[in-house]
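Reader: I'd love a close look at one part of this model. Could you walk me through a single helix and then set it against the nonpolar packing elsewhere?

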Amino acid sequence: MTITKFRVFLAYDFEKEEAWLNSMSMDGYELVEVAFCRYVFRENRSNRFEYRLELLNNLPTNRESQAYISFLEETGAQYVGSIFRWAYFKKTTEDGHFELFSDVQSRITHYKRIMFLLIAVLPVNVISTFNMFGQYAAYANSTSMILGTVSGSLSLLLTIGLIKIKIKVDALKRESILKE
């Protein structure tokens, strides 16, 4: 039996998404397909999986990404799928704890990759927000007001995400210094 769940997770909340996927696994559901805001699970009471997500450097179809995915599969991880550059991996809990980042520096690098993605998207949203509100001011078009509000809200969420990721990176840097 398969079930489909719809959830929205923002890029900077990937750890919450992992936690949710792992709780679904503990409830006996294995992730078998992923798409934008859509997750397909298969009932699987015999195996439990631990899930990890990673924002790849390139799209999964890129040769470097394919080599990386193959490397992870050689370690026993399974590639479930991707949404743009976000890759979803799982590994049975029988194999022990599953981590993609073995040290503090690799975690920092991953968070910075997410930061750069948010930084790339933020200006587009800010420009769109001003454009939509400008359209509203010029033509009193309610659609422009709605789109401007949505775009502005997304800009705010991206800014919050940048702040959250920056706080995590700074904490990891402090942790790294303490370990040295």
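Author: Happy to; what follows looks at helix 4 and then at the nonpolar cores. Please keep in mind that this is a predicted model.

Helix 4 covers residues 142-179. With its 38 residues, the helix reaches 55 Å from its first C-alpha to its last, close to the 56 Å expected at 1.5 Å a residue.

Let's start with what faces outward. Leu 156 lies in this helix, and Leu 156 counts as exposed because its relative accessibility is 53%, where exposed means over 50%. Together with Leu 154, Leu 157 and Ile 160, Leu 156 makes a nonpolar surface patch of about 320 Å². In soluble globular proteins, nonpolar side chains tend to be buried together.

Helix 4 has buried residues too: among them are Ser 155, Leu 158, Gly 161 and Leu 162, along with Ile 165, Val 169 and Leu 172. Small or polar residues such as Ser 144, Gly 148 and Ser 151 are also on the buried list.

Now for the packing. The largest nonpolar core has 31 residues, and those touching the most other members are Leu 21, Leu 31, Tyr 39, Phe 41, Trp 86, Tyr 88 and Ile 114. Helix 4 is one of the elements giving two or more residues to this core, and others include helix 1, strand 2 and strand 6. Helix 3 gives the most, with 7 residues.

Take Phe 41 as an example: leaving aside neighbours within four places in sequence, its contacts include Met 1, Ile 3, Trp 20, Leu 21, Met 24 and Leu 31. There is also a second, separate core of 9 residues, including Leu 56, Ala 87, Phe 98 and Phe 101.

Terms used:
Residues are numbered from 1 along each chain as its sequence is written. This is a predicted model: local features need pLDDT of at least 70, side-chain atom pairs count only at pLDDT 80 or more; totals for chains, interfaces and linings use all residues. Side-chain values use heavy atoms; hydrogens and water are left out. Patches are made of residues with over 30% relative accessible area and no salt bridge: like charges are joined within 9 Å, nonpolar side chains (Val, Leu, Ile, Met, Phe, Trp, Tyr) within 5 Å. Accessible areas come from the Shrake-Rupley method with a 1.4 Å probe; for residues, only the protein chains shown count as cover. A salt bridge is a side-chain nitrogen of Lys or Arg within 4 Å of a carboxyl oxygen of Asp or Glu. Helices (H or I, at least four residues) and strands (E, at least two) are DSSP runs, numbered from the N terminus. Buried means under 20% relative accessible area, exposed over 50%, partly exposed in between (1.4 Å probe, protein chains only). The expected span of a helix is 1.5 Å times one less than its number of residues. A nonpolar core is a set of buried Ala, Val, Leu, Ile, Met, Phe, Trp, Tyr and Cys residues joined through side-chain atoms within 4.5 Å. Contact means heavy atoms within 4.5 Å.
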